[in-house]
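Work through these short exercises with the structure open. Try each task before reading its solution.

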Amino acid sequence: MSSQELALYIHALLVACMDPRDFYGDDLVRELRRRVEASGNYTNPFLILALCNAGDTMTVRDVERVTAAYDSQHRPFWTDSQALSSMALYCISSRSGVSVDERTLRDMLQELKRRQFRNGTVDNFRTTALVTQALFIHESYKTDFDLDSAMKVLVDGLNGIRSLLNAYYALPVFYRKSLLNVTSSHCIKEPVAEEEAIQKVLDVQGETITVQYSVWMGDEINLARTWRLRMRVNSTIYDAIETVAKMDNRQNVEYNVVDRKPYVAALNGKEDDPEMGTFWFVYLKTPNSDEDPKIVEESPVDIKLKPNQEIILWYKCGPWSGQSLIQKPVTPP
């Protein structure tokens, strides 16, 4: 995945009320920051804007990157980059403690206005959308820019639009919004008490191991979801199941107790169904192995985890008996 695609994912997760710092165990914001720091003389300003929108710590070096991108006149799509640079610089100025020369930002925006043609277009459809977004900063569009003509260009262009990315840039303009409005501020936050309880679950002390936990649905694995967990040494499959349930209340598991030991019987209301012959099975996949996952017939409390193992809760057809050990080859999702 390219850095630009990674930045788009971060924006998508923010508006979807998902944490890009914990995307199934991966910190996408930290990864994007790592790539930015490793980049050469030129940094796409969109990457800095995504980091700023995600609440990453901004630096003086980020300001230098943004202004350098604005001044890179020889690069293709120059005006696009200038619009993104302007928005990134404003984000740094308004949301961090880093000092930004407001005159620089004002000059950037004024230069963008000069690029508008008489018919309202700025180079092309996408660039018109980006420049208009940038000029919402300080309501800069009110002078030396024909907003009505620019809006007409975008409305007319939407009729024959063939690019999802172009629509992504144009549609916010009609609501006087821009890429600067990509945040998670609209998300409903969990009560503090629940957040603290979840954090306590995830705050694992002492020696730990990393494992994966997956939920598969159907014989053909029509639906799959995976978490990466950090567990204490000597944790069991049961511990991992309960950890995920505390992280996501949609993953609550119900058990049948046999000989005082729990066996998985339902997940998120999806129960064992003897009439249809579908049950919840627990599998383990050996790390660094091409072998198929192996069914676990013991209770989850009896199986201690090994580093990098994958625990799979699989809802599928099959008899709950010793015959379950005979499995057809499995192709993980």
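Three exercises on cores, a strand residue and two loop residues follow. This is a predicted model, where local features need pLDDT of at least 70, side-chain atom pairs count only at pLDDT 80 or more, and totals for chains, interfaces and linings use all residues. Residues are numbered from 1 along each chain as its sequence is written, and side-chain values use heavy atoms, with hydrogens and water left out.

**Exercise 1.** Find the largest nonpolar core and state how many residues it has.

Solution. Start with the term: a nonpolar core is a set of buried Ala, Val, Leu, Ile, Met, Phe, Trp, Tyr and Cys residues joined through side-chain atoms within 4.5 Å. Buried means under 20% relative accessible area, exposed over 50%, partly exposed in between (1.4 Å probe, protein chains only). The largest core has 55 residues. Phe145 is among those with the most contacts inside it. A second, separate core has 23 residues, including Trp280 and Tyr315.

**Exercise 2.** Decide whether Thr278 is buried or exposed, and find its side-chain polar partner.

Solution. First, locate Thr278 in strand E6, residues 278-285 (strands are DSSP runs of E, at least two residues; helices are runs of H or I, at least four; both are numbered from the N terminus). Next, read its relative accessible area: 13%, so Thr278 is buried. Last, its side chain makes a polar contact with the side chain of Tyr315 at 3.1 Å. A polar contact is a pair of N or O atoms within 3.5 Å; within protein, one must be able to donate a hydrogen and the other to accept it, and residues adjacent in sequence count only if both atoms are side-chain atoms.

**Exercise 3.** Place His138 and Arg176, and give the phi of each.

Solution. His138 is in the loop between helices H7 and H8. Its phi is near 55°, and it is exposed at 53%. Arg176 lies in the loop between helices H9 and H10. Its phi is about 55°, and Arg176 is partly exposed at 44%.
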